[in-house]
Structures are given as C-alpha cells and as structure tokens.
Amino acid sequence: MRQYFALSIIALILTFSSCRTDFDTVASSGDLKFSKDTVYLDTVFKNIGSSTYQLKVYNRSKNDISIPTVQLKKGLNSKYRMTVDGMSGNEGKIFNDVTLLAKDSLYIFIETTADITDANPDDFLYTDEIQFDSGANLQEVALVTLIQDAVFLYPNQNPDGTKEKIEIDGKEVDGFYLSENDPTNGNELLFTNEKPYVIYGYAGVPENKTVTFEAGARVHFHANSGLYIGNKASLEINGTASTTDKLENEVIFEGDRLESLYSDIPGQWNSVIFEKGSTNHSINHLTLKNAVTGLEFRSPLNTIEIKNTQVYNCVEYGILAQNAQINAENIVINYAGMASLSCVYGGSYSFVHSTFNNNWSGGSQLAVNLSNSLAGATPETNPLTQATFNNCIIYGSATNEFNLDKNASAPFVYQLNNCLLKFGSTSNSDYQFKTDTEHYNNIILNENPKFYNVSQNKLNIDNTSSAFAKGNQAYIIPTDILGITRTSPPDLGAYQSQDFPK
C-alpha cells in the first residue's frame, strides 16, 4: 500500500510538471538589459592580447527566453573574441540559440588581439559591436580598444630552438644585447619618443657603449624583464620637466600591462641593474614604477648623477646601492616592500631636497637604510665614507623609517641636516636626533608632512605641512622636481609647496 501511495505521488508531480511552461522558452523581444552600453578594453600594444573584460546581460522578464543569435558585428573577421556563459560558439564570434532564464543573467567575457593596421588611422581605435538578435529586436553593445604601435625588443631564437641568453650574477637569463645596427629596429641604443618600446627578457648594453633615452621616451617591460648595464657600459636618461599631467617630457619605465587596473601593481617587471664596472651614468627626469627593485647599483667606477627622479611601487627596493657613489637631488621614492632607499656595503652618497616615504602595508619596511656591511661579501665590510641628507623628508607608515646598520670594523660617516624624520623613541646612542650634532642638525621629529595623496604617489605638500619653509638656504636646489622655483627659506623634500587642487 505504501509503495502504491509513493508511486501515485510521483505520478501526480509528473502530471503537474508537464503542464508547467517555466522551462519553455519564448523568443527574445529586444528587452535585454546590460551592465554597460560600451565595453572599453583599455589600451593594448599591437598583436598583444588584452586582459579579459566582462559584460553582464539581464533578462528582467518572467519568461525564459531564447536569443536567436549573439554575435560580433564583424563576424568571423572580428579581432574580438568572446565566451558566452562558458560557451565558445563559432570561433568565439557567433553564438546561436542562447537561453536566458527568467529573472536571470548571463556573463560574456571579451578579449582582443589586434594590429595597428586594424585600427582607425585617425584615432587608432579598433571597434566592433556585440549584436543580440536582429531586425526589430536588434540590440547592440559597443566594443572599443585603443591600439598602440610599439618597438618590440626581445631575445632571438637560437637554431636549436632555445632563446638567446645573457649572463647576470653568474647565471644565464633570457636576454639580448642592444645593437646599433639592428636590421629591423636600427639603432637600439637610442630610445626616442616616437613610439613606446616593449622589452622581453633583459636588454643588455654592450661593453663600451651607452644607451640613451630621449625626453618623452616610454619603455614597457614584460614580466621577468629588465635593463642590464654591464661592465664599461653607460646609461644616459635625458628627460626634462613636463608642463602637463601627461608627463610628456618625462622618461617612463613601467610594465607592459596598460590597463588601469595595473597602473600601481608592484612587481610587474624586474629591475634596472648597473653592474660593477659600468660607468658614466646620468639620470634626469625618470619615473620608474611597479618593478621588483627599481634601480640597483653595484660599485660603479665613478659618481652617478640622479636628478628629478621618481620611483614607486617596488616589491623589494626603490633604489638599492652597494658600495656605490651617488649624487642625487629632487628624488621621490614611495612604496617598497623592504626599503625605499637602501645603501649597503659602504659607498658615498649625497641626497638633497629628496622625499623618501614608505607606506607599504605589512612587514618591516623602511624609508631609508644605511649599512657598511653585506652578508656573504668578501670583505664583509666597506667604508661608508659619506651619507648626507640635506633638506630631505624621511617618513612613512612604520614607527621607525630610518635605520643605521653599523659594523665597527669599517668607517661609517653620515649626517642629516634640516630633515623631517619619523622615528620612535629610543635610548640607542646612534639615534639622538636632538643632542648628537655631529650627525643631526635641525631635525623635525615625528611631525606629519601632510602629503597630498600618498596612495596615489602624490607626495606634494602645501603651506600647512611641517616641512613648509624649514629648509636651509645653504643646501637649496633652485627648482623642485617639477621645475618650479623654490622660495627662501625652501621647503623640505622634492616639492615646492603649492595649493592642492580642490
């Protein structure tokens, strides 16, 4: 009897379900809703695939519907490709009879790979539309991508199928040496502002050669790539002050992901390495961002001049110098996983009107680290003959943003004059900022410089800052990092104070 009752219930359920129309679809009537009416796929380099972008499609009706076609307007010739609710359709271009349940939605994911020749020659935009249905029920969502032409620099392929290599730190890495007479690119040792450059692997500068970057040059490094200045090679960066927010005259080093999502993501490429024995380096108006280590110096033969340079968002160090000789002015460094500036294994350093900040979240990061030793080195120590900071700001989110790592077996000479410094209280004799006049003069301790917007790497100050008009005229650099004339007495740091935009 119980078995008969159960079978009756099942039969009843089947009877009622067979009468329902919920699972029957009706034709689309052109009433789809979309999460956006235009999908902007950001800027991509020619023939380099974009990131994946999302469009959500809604069915607000009470009926399950069938969309006869979802397709790209340019059909199989389109440079865009899609997946629709996980389906690949006909080459990712055309989809037939797509079902969308009542009060539900589906996801479309879009990518593109296009050449500069595919774009409109007037504005370099490549466009298409996603079409839903046709005729009176046709609905469209526009797709827009800016295609940028570029010079691509990469290792050649050897006859055995392996990639060209160069040696760094005794190891072979994917890389190549820049040529003055490349059959495709011409003089690769001169980076102009005519087109951006995209580098794969390490681009090496040959012995006795100089790589030069003209004002406005843009260099994009792929993952695990960098620039290697080898023995007896030189680097010259000739940026100049810009007059607009486009930084039209700045030389910019960054990753090759152009989407806004990646604009401040650390670690997208490796580093600029200055090998021991490299020589005659000058850097002016460089903005470097999103590397593992920004500038890495290894005992150059003569003094490096660095002016008006910004380094942001590095996984390890903004500038790492080992027994180097550096004269620098108007430097700004922010966000580094270990230290914004780390000068180790001795050397000689002078920094004037510079801003060293570190707001990296977590860890034991520093703004400035000084040391005359290096683990594993032979000898282990080298003299720190000079480390001078004049009219500088050393600040950040940690309690202590300044560190002295002294080894008594080698000289350790340093001095801070007219600097704003963040450091917690201590009884250590190395950090007596008010009484140790041999090493510290006119130190402003633990006062907020009131940077404009640290998270956006805008370390400008206004006249409410504790760094306002606290500099020493004897150390003044006449213009700030933006080319603005400094007043007297000067402000501390790399920026002349201005009213912030409202």
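Asp-133 is buried in this predicted model, its relative accessible area being 9%. The residue sits in the loop between β9 and β10 (139-148). Its backbone merits attention, since phi of Asp-133 is near 65 degrees, a positive value in a residue other than glycine. A second such case is Lys-232, whose phi is also positive, at about 65 degrees, although Lys-232 is not a glycine. Lys-232 belongs to the loop between β19 (226-229) and β20 (234-238). Here the surroundings are described by a relative accessible area of 42%, so Lys-232 counts as partly exposed. These values are notable because most residues other than glycine have a negative phi.

The peptide bonds provide a further backbone feature. Most peptide bonds are trans. Thr-378 and Pro-379, however, are joined by a cis peptide bond with omega about -5 degrees. Pro-379 is placed in the loop between β30 (366-371) and β31 (384-390). The bond from Ser-488 to Pro-489 is cis as well, and its omega is near -5 degrees. Pro-489 lies in the segment after β37 (444-445).

From the backbone the account turns to charged side chains. The structure contains 12 salt bridges by the rule applied here. One of them pairs Arg-81 with Glu-111, with the closest N and O atoms 3.2 Å apart. This pair links distant parts of the chain, as Arg-81 is in strand β6 (residues 80-84) and Glu-111 is in strand β8, 30 residues apart. Arg-81 has a relative accessible area of 29% and is therefore partly exposed. Glu-111, at 25% relative accessibility, also counts as partly exposed.

A salt bridge between two loops is formed by Glu-180 and Lys-209, whose side chains meet at 2.9 Å, N to O. Glu-180 is in the loop between β13 (171-177) and β14 (190-191), while Lys-209 is in the loop between β16 (202-205) and β17 (210-214); the pair links distant parts of the chain, 29 residues apart. Glu-180 counts as partly exposed at 39% relative accessibility, and Lys-209 is partly exposed with a relative accessible area of 30%.

Asp-264 and Lys-289 supply another example, their side chains meeting in a salt bridge at 3.9 Å, N to O. The two residues are 25 apart and again link distant parts of the chain, with Asp-264 in the loop between β21 (251-255) and β22 (271-274) and Lys-289 in strand β24 (residues 286-289). The partners fall into separate accessibility classes: Asp-264 counts as partly exposed at 36% relative accessibility, whereas Lys-289 counts as buried at 16%. The assignment of Lys-289 follows because buried means under 20% relative accessible area. Salt bridges also join into a network, which links Asp-169, Glu-275, Glu-296 and Arg-298.

Charge is also gathered on the surface. Lys-33, Arg-60, Lys-62 and Lys-103 form a patch of positive charge there. Lys-103 is located in the loop between β7 (94-100) and β8 (104-112). At 61% relative accessibility, Lys-103 counts as exposed.

Another exposed residue is Thr-117, with a relative accessible area of 67%. Thr-117 is placed in the loop between β8 and β9 (125-132). Although Thr-117 and Lys-46 are 71 residues apart along the chain, their C-alpha atoms are separated by 8.7 Å.

The cysteines remain to be considered. Why does a search of the whole structure find 0 disulfides? A disulfide requires a pair of cysteine sulfur atoms within 2.5 Å. The sulfur of Cys-314 has its closest cysteine sulfur in Cys-343, at 15 Å, which is too far for a bond. For Cys-343 the closest cysteine sulfur is that of Cys-392, and the separation of 11 Å is likewise too far for a bond. Cys-314 counts as buried, at 0% relative accessibility. Cys-343 counts as buried too, at 1% relative accessibility.

Definitions and conventions. Residues are numbered from 1 along each chain as its sequence is written. This is a predicted model: local features need pLDDT of at least 70, side-chain atom pairs count only at pLDDT 80 or more; totals for chains, interfaces and linings use all residues. Side-chain values use heavy atoms; hydrogens and water are left out. Buried means under 20% relative accessible area, exposed over 50%, partly exposed in between (1.4 Å probe, protein chains only). Patches are made of residues with over 30% relative accessible area and no salt bridge: like charges are joined within 9 Å, nonpolar side chains (Val, Leu, Ile, Met, Phe, Trp, Tyr) within 5 Å. Accessible areas come from the Shrake-Rupley method with a 1.4 Å probe; for residues, only the protein chains shown count as cover. A salt bridge is a side-chain nitrogen of Lys or Arg within 4 Å of a carboxyl oxygen of Asp or Glu. Lys and Arg count as positive and Asp and Glu as negative; His and the chain ends are not counted. The place of a charge is taken as NZ of Lys, CZ of Arg, CG of Asp or CD of Glu. Helices (H or I, at least four residues) and strands (E, at least two) are DSSP runs, numbered from the N terminus.
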